[in-house]
Each structure stands twice: as structure tokens, then as C-alpha cells.
Amino acid sequence: MTSFAKPSINLKNAKRNALGLTWHDYEGAMSTLCAGCGHDSVSACMAKAFFELSIEPHRAVKISGIGCSSKTTAYFLNEAHGINTVHGRMPSVATGAAAANSGLTYIGVSGDGDSLSIGMGQFAHAMRRNVNMLYMLENNGVYGLTKGQFSASADVGSKSKKGEVNLAPPIDPVTLAMSLGATFVARAFSGDREQLVPLIKAGLKHNGFGLIDVISPCVSFNDHAGSTKSYAHTYKYYHKAVHADYVPMSKEIKTSYDAGSSVPVKLHDGGSIVLRKIDEDYDPYDRGAAYAQVVERAAKGEIVTGLLYVDETQEDMAATNKLASRPLNTMPYDELCPGNAELTALQNRYR
Amino acid sequence: MTKSVVNDFVIKLANVNGTGSSSANGLLMKSIFRMGVPVVGKNVFPSNIQGLPTWYEIRVTGEGYGARSGDVDIMVAMNANTYARDIAELRPGGVLIYDSTWPRQHVLSRSDVTVLGVPFAQMCNDAFAVARSRVLMKNMAYVGTVAALLDIDPDVIRGLVREMFVKKPKLIDLNMQAIALGYDYAKTNFECPLAMRVEPLDKTAGKIMIDGNTAAGLGCVYAGATVGAWYPITPSTSLMDAFKSWCEKFRIDPETGEHNYCIIQAEDELSAVGMVVGASWNGARSFTPTSGPGISLMSEFIGFAYYAEIPLVLFDVQRVGPSTGMPTRTQQCDVQLCAYASHGDTRHILLFPADPGECFTMAADAFDLAERYQAPVFVLSDIDIGMNDWMVDELTWDDARQPDRGKVLDVDQIKDLDKFYRYRDPDGDGVPYRTLPGTHPKGAYFTRGSGHNADGAYTENETEYQEVLDRLLRKWRGAAEHVPSPIVKSAKGGKARWGIIAYGSSDCAVLEACDTLAKDGLHLDYMRVRGFPFSDEIYDFVNAHDLVFVVEQNRDAQLRGLMMLETQIPRVKLESILHYSGEPLTSCFVHEHIKSCIRKEQSA
Ligand SMILES: Cc1ncc(C[n+]2csc(CCOP(=O)(O)OP(=O)(O)O)c2C)c(N)n1
Ligand code: SF4
Ligand SMILES: [Mg+2]
């Protein structure tokens, strides 16, 4: 995880958020990824989303697996704890961390190799548990860090840099997530910040597991002609179905959107996720219909993006486990240890 | 032919798995215990839900020994499929009790034992209408028969039955009736009691009968553990079951129903340990119970926790390997796996409880050690300790005890720092300071399993890398003085030439063998190792003797191997006594093997 300290810039006239912090306060170490790598754009969007939401950086927790994508937890939010775990196992660490303290904001960062091959089991089970976290799957169709092997998200017919053609059907994290009952399922493109930043904000505010599958091209190993995860290919075929943004409680929801297609989803914190249907036919509240649409359009080679499915009514892991409102890691010891008198009493049945 | 023995014999009960015999056998054992007579119970069961043979051994031991003796004095043969081997196991002069509902020619194959036939099936078929009751009540009927033959106090049995069915009072009469059937039959047809019988003593006051997994689960509650993650595997499952039931008793707010704990059944052991990594990193006391196959799967994460310095508590309730092995049989076969689990240079802290009492105390110690050393700590018990009821001293807790949470900086300490450096060693003990997520912006750092320097930054620089790796070794060595220290039992009558080293569930068999060897004129000192890294005492003990027998329940002499790797002890000073059949070690095995080694040496 190479990283260099960035030179600190004095931003006198920089814009400040509600906490009085500047965008700079949400930056991380200098990236060591290849110039032009999609993952760097995603990191910048993460920083921007946190800044705009005015979340204290140290109240966020960044967790990742292994891969170029997983390195990026070092490249935003310097003042947040980060943990680069082992390959494919970020979801379990995030699950345990969320159990220990449900009061922080959890971001998981992973790649298509990390999530769809070695870590497919953990990815699936974190969704089943509805762990309250935002899961960024930075999807480039290859294993970047091990130099360009096909990943499980590579499309049939997509060509590798060496000319090899992928024949195995891809695993689509979006339809997988829908089928497993994930409660916030989105797809985005690292090349479209206008779409991605609001989506991240909505995902961070969603209560439960939020997945954003971000097409994030690998310029070194998968950005050539014949690749279906290149910048050029994605620009050409991606299709915005539903725009989503987070609107805090304090702000009135402006009806600048076309009234018929804008529907706010109320959140626990009083704010809302506001959806704007760009594509009138798409229904992000109907899991079956949404699933069918995504599959149908994928068959035509179309990459449907936006907030594709959302369900704000499900209990998250903390609720299903009836976790106390105080975080477990702050429970005073004398409330946890029953003491000797209880110990003596409970042994009656063993005497 | 019959030896007259009071409070010193073994009853073995041969049953069919899934027929409800275990509660009957437990009742029998507990009745004897309630009469003030020490008992040892061993359940030998198959990896099966129903149908395969299962045995339960109850040793009645007025002397208070804790191991199997190796003898069988009374056999209750309830499984027609194993009659032949069950009968063969009885010592000459022993007593065979069998179900005489059907004629059994081969029970008469031995003329040197007393054969007592009781028509258990017939009696129960006549007395009970429901098919399932007929099967279950046969067990209670033999309890009655054995009680009459051994002079077990019927009032004690009655009291226990009432306790057993306190939540299902309707079953009390049914069970009492079955017990009476067997009891009356014996009283009418046989001379009761036998020469082998139970006489009340007062040697169980202040003792309890408990299994190690229940005690370990309780230890986790007392240690203040709040997050448990696991994947079911025999024989560790009942540890999490116990933790759960203790948490339901002590950790649910009666008003709000909120839980002060979180138990997650993971999708596999990789995930279970990952959850423990996440929860511990985030400042909750967290643990996972498993067995050998689980440790194999967890290895990558264990190395990560070692290198990134994250506390982990792992219970390895060992079972017979390799691979699936014999999953319901006991061994001490994961010692080296755990000592060096994971790739790269890794060394861990191990604790070896010898009985359920130590499962309780060492569970609590494990959390203190893990947080103090910011490292994985393994508690290595086994099926024998984990799943059998052992007689141990009542558990006690020092209410003044506070958990050792290790070097965790709080918000004020962080504020006072110029800058926080995760892996520096300001105290010179090899243990760095850590911070928890969410505390303060200045406390943030990046945790990584890739090369890092003392400041916590990424590095591939050889000096920086080695500095951290060398400190990790110093830190680990420092733990030698803080793991539970060895316990030495010196031979009577001055300096002994020979010593014995053992650990874990071998303890009781070795203690008894020391007594019986002494009767043969062979006096040995005994050291029980309770933790790893080894302290100097172990080296000194070996040096003080000509030869030391290392008793273990595995094929490859795993502890002896560790001793040779980790100390300067010469190989020739350590002689292995190895037992790896999967059945709990007997005192007789230890006695005979040590004796023959010494005799060989003396005649050479
Ligand atoms: C257990 C294990 N096996 C293999 C590797 C090697 N490895 C590192 S990253 C990686 C693939 C990463 O692919 P992806 O998650 O798509 O990330 P990207 O680099 O493409 O962003 C592999 C196979 C490893 N680190 N650990
Ligand atoms: S190899 Fe690919 S994924 Fe990795 S940093 Fe370079 S461009 Fe990004
Ligand atoms: Mg990839």
C-alpha cells in the first residue's frame, strides 16, 4: 500500500462545510495508482461526498480487501481509521467492526476480484445480514494488482490486452445483490462524478447495506479496444435510469424535478433520498421488475446505472441483533461482568 | 472371584446413539456425586445423529482421581451390536448387565464374570404405551437396576429427577416409574448390593460437575466479551451455545430487551475470525470458538492479526485429525498448528487448560493477554475437557478484578500527543500503543498487513521492516512471564532422577500415574505446562533431571517438538509417551509406559 504524504496547501478561501472543514480535510495520502486509473476518481468522489455531508472524518471507518481498488482507502479521509485486511475478506471485518460500534459510518472498498471471486461468499453474506455500510465495488473486469487476468465480472467476448477472449459468463454484482435482498443497489461509472457523488451520499445515509458497483476502468490492463470495461465502451453504452441524491431534513425538497418522476424516500435521520427517474419505465422500488430490467438491458449490451433498487424498510444487522443503542465497545465492564454472587448462585445446577 | 470394592470401580454403559441414554447416564453419575463420592465421566460418542454405538464410562473414585483408570468393572450392555466387544472388555470378576428380553447365547461366553439379565425392553413395553417412551424409559430402568446393585440412595435419584424435569413436571412420574421398574426387579431377583458398591462420603462438597465448553463460555461473559463469531463445528459448538445462554441470562436489559452482546453465526471460519478481527480492532472484546479444521481456514487472518497487532481470542477445542479425522474423539493435535499458525514468521500465545475450571479462568486470562499483547491468543482445550462433565472446585470470581485492556489511548491522551505513531515502542516492552476508530482525528492511522514501519507507514525498507519484526519477537517473548506458569508436583522423598512433563487433559492421568509409580518404587517429579511461550522454569526442570517423559495425546510429539525448537534442551533428555487412539488418556497407560521405559533403561 504505497502512499506518500501530500504537500499541504493552505486553502484560505476554500469552501467550508457545516463543520467548518474544507475539502482538503477529507483528502487522503497521495495515490500511487496508475495515472488515469478509475479508482482515483472514485476516491475523489468519496472525499467530496463526505465533505458535502459534513461527516466528521474521524467518525468514519474505511475497510478494504486487497487489490488496487482496496488500496484506495488510504487515498481519502486521512483522519479516519482505515484497515486493509486480507484478500476477499473485507466484509467480515466490516461486519465485526459494525457489531462492536454501530455508531460510526462504515465504508468498504473492494474490487471485482476481491468481491466476486475469492470473496464472493463474504460479499453475499454481508448483504444477507444487511450490515449498515456502504460497499464500493470498483469494477474493472480484471485483476489490476496481479497484472490483468480476467476477473469474474469480465463479459463474454471481452478481449484481454494479450488478445485472449473471455468465454465464461460474468457475475453481475447488481443482480446478485438484488437476488440476495440487498437494500440499496446502485451502479455508476467513475467517469461520471455528477452521478456518483450524490449516489455515494445517498448510500452513506441509507440504513443498511448499500452497494455501489462502480465501473472503474483499469488503464493499464483493460482499457483497450475489445474490452467491455474500457472508458470508451462505458461512455458509449451506459444509460442513466434513476438519479439519486440525499437531501437533509433541513432542506426542503425542491420540486425542480418533474413531479411525476421524483419520489423522496424517507430516511432514519429525517432526511430523504430523492430519486429522479430519467427513464420513465424503470421502477426502483419493485425488486422483481428492477431485476428484469437490468438483465434485459444487459443482454442488449446496455449498462444501466443509477440507484437501481432501494428498500428503506428493512432492519439492519444491529436491529436484528437487538443491539443496545450504546455501542458494545463502550459498555462499562461492571455492566458486562455478572460478579461472584451470581457465579455462586448459577452453579447450583452443577452441584 | 468378586473383589470387594467400595467407591473404586468403573461402570461402562454401552448404548445406541440417539436413544436418549445420555441423560440417564448423567443422572447415574450425578447421583453418585451427590452422595459425596468423586466421579469421572467420559462420553465416547460417534460422529452420527442416530444409530451408531456410543459408550459412557463412569469411574467411581473415592480417592478423587480425575482420569480414566483403564479398567471396566461393570458393563451395562444395551447395544446388541456391540455385545461381543463390550463383554470382552470386562475385567475378570466383573459384572455384566444386559437386556434379557431376547435370548442372548453369547453373553454366556465368559464364565469369569457375573451375568445379570434384566428384561428391560419387556418391562417397558408392558408399562408404557407410547413407542418413544418405551425406548427412552429403558434407560431409566437400567439406572434403577444399577442403583439397586450399587446401593445408590433412591432419594438422591428422586431429587435429581425432579430437578431434571422441573420445566416438564409431567415427565417426573413417568421417569420415576421406569426407575422403579429396574430397581424393583434387581431387588427381587439379585442379591443387592453387589460387593462393588457406593458408600456415602463427603468428598464432593465445594465441587461442581461441569463441562469445559460451558465453563469457557461463562469465562467469556465474565471477561466482558461482547462479540462472538463462529461457524458450527464439533466439539466447539457447545461453547458458543453456552455463551449465548449465559448472555441471555445476564446481558439482556429486562426493560428494553436490548442486548449487550452480539453473536454472529458466520458463513465459514474465515469469516468468523474476520469478524473477530473487525470487532477487536474496533475495541470490543471478541472471540471465536472452533476446532482444528477451523484453525486451518483462519490461518491467513491469524497472521494478519499477528502482524497488524490486533487482539484475537480463539478457542480450539481439539479433535482427532488429520482432515475430518474422528471428529467426536479427543486429541491434543493442534499444538504446533496454533503455535505457528499462518505464513511468514509468526509465533503465538497458547494457553493449555487442564480441566473445565481452567477453561473458565483461562478464558478470562486469554482476553487480558490478547489485549495486553495486541495479538492472537489460543486456548487449547479438547473434546475430553470441552464436552465431558468433570468434577472441579466451584468457580469463583474476584469482584475486584478489572480487565487488562492493554495500551489503548483515550481521547485525552490522544489530544496531548503531537502525532500518533502506531508501532513505536516507547515503553521498551515491545508493546506499542493503539487507538480506536472514532475517538479523535489525531488518533487515526492505517492498519495494514503489508510492510510497515514503526510509525505505521507503508514500507519496503529492510531496516524498517526488520525493526518491526524484531520488536514483535521481543513482545512475544515477554508474554512468557505472563501466561499461566507451570505447576510442579515434586516426588516425595528428595531428588528424583526422572521427570514428567504434560499439559491439558493429560494432567489427571499423569497425577494418578505418579502415585501408582511411587507404589512401584519409582518416584518422579511432574511439571504441567500451562502456556506458550515457555518460561525458563521449563528449561530448568528438564535440566534438573536425567530424563523427562513428555506425555501427550498426539502421534508427533508436538509439545516435545516445540520444546526442542524453542529451548536449548538436548533431544536425548526428552522421552515421549504418546497416546493418540482418540479415547481420553488412562492413568494405566501412563504408568505402564513410563515403568517399562525406566525398566529398559535400568537393564541396559
Ligand atoms: C490469498 C491471496 N491470493 C492472491 C492474492 C493476489 N492478489 C492480490 S490483488 C488480487 C486481485 C485483485 O483484483 P481486484 O479485486 O479486481 O482489484 P483491482 O486490482 O482490479 O482493483 C490478487 C489475486 C492475494 N493477495 N491473496
Ligand atoms: S493496474 Fe489498473 S487498477 Fe491497478 S492502479 Fe493501474 S490502472 Fe488502476
Ligand atoms: Mg479489478
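Begin by selecting B:Pro235, which lies in the loop between strand E8 (227-230) and H8 of chain B, where helices (H or I, at least four residues) and strands (E, at least two) are DSSP runs numbered from the N terminus. The peptide bond that joins B:Thr234 to B:Pro235 is cis, with omega at about 5 degrees.

This is a predicted model, in which local features need pLDDT of at least 70 and side-chain atom pairs count only at pLDDT 80 or more, while totals for chains, interfaces and linings use all residues. Residues are numbered from 1 along each chain as its sequence is written, chains are lettered from A and ligands numbered from 1 in the order in which they are written, and side-chain values use heavy atoms, with hydrogens and water left out.

**Further backbone stops**

Stay in chain B and select B:Gly321 with B:Pro322, which are joined by a cis peptide bond with omega of about -5 degrees. B:Pro322 is placed in the loop between strand E11 (312-318) and H11 of chain B. Then go over to chain A and pick A:Leu77, a residue other than glycine whose phi is nevertheless positive, near 50 degrees; A:Leu77 sits in the loop between helix H2 (68-71) and E2 of chain A.

**The interface of the two chains**

Now select the residues of each chain that have heavy atoms within 4.5 Å of the other, which is the meaning of contact here: 70 residues come from chain B and 56 residues from chain A. Buried area is the accessible area (1.4 Å probe) that two parts lose on being put together, summed over both, and for chain B and chain A it is about 5200 Å², 61% of it on carbon and sulfur atoms. Highlight B:Tyr222, B:Glu267 and B:Phe446, for these supply 12% of the area that chain B buries against chain A, more than any other three residues.

B:Phe446 also leads to a strand pairing across the interface, being the bridge partner, in E15(B), of A:Gly82. Strand E2 (residues 81-84) of chain A and E15(B) pair in the parallel sense over three bridges, pairing being assigned if DSSP finds at least two bridges between two strands.

For the charged groups, show B:Glu394 and A:Arg351, which form a salt bridge with their closest N and O atoms 2.8 Å apart; the term requires a side-chain nitrogen of Lys or Arg within 4 Å of a carboxyl oxygen of Asp or Glu. Two salt bridges are counted between chain B and chain A. Colour next by element on the side of chain B that touches chain A: among those giving two or more residues are helix H1 (21-34), helix H9 (269-281) and strand E15 (446-448) of chain B, and H9(B) gives the most, with eight residues.

**Domains 2 and 4 of chain B**

Hide chain A and colour chain B by its domain assignment, taken from an automatic or database source, which gives domain 1 (8-203), domain 2 (210-393), domain 3 (411-481) and domain 4 (487-603). The centres of domain 2 and domain 4 of chain B, taken over C-alpha atoms, are 28 Å apart, and their contact takes 26 residues from domain 2 and 27 residues from domain 4. These two domains bury about 2100 Å² between them, 53% of it on carbon and sulfur atoms. On the domain 2 side, select B:Gln332, B:Gln336 and B:Phe352, which supply 32% of the area that this domain buries against domain 4, more than any other three residues.

Three salt bridges are counted between domain 2 and domain 4 of chain B. Zoom in on B:Arg528 and B:Glu358, a salt bridge whose closest N and O atoms are 2.8 Å apart.

**A sheet, and a last stop in chain A**

Show the strands of chain B as ribbons and follow the open sheet of seven strands, with the order E9-E8-E10-E11-E13-E12-E19 and mixed pairing. Its edge strands, each pairing on one side only, are E9 and strand E19 (531-532) of chain B. Within the sheet, E12(B) and strand E13 (residues 376-382) of chain B run parallel and are joined by three bridges; B:Leu351 stands opposite B:Val379 in E13(B).

Finally, restore chain A and select A:Lys229 and A:Asp155, which form a salt bridge with the closest N and O atoms 3.4 Å apart. The pair links distant parts of the chain, 74 residues apart, with A:Lys229 in the loop between strand E8 (209-215) and helix H8 (231-237) of chain A and A:Asp155 in the loop between strand E6 (149-150) and helix H6 (173-179) of chain A.
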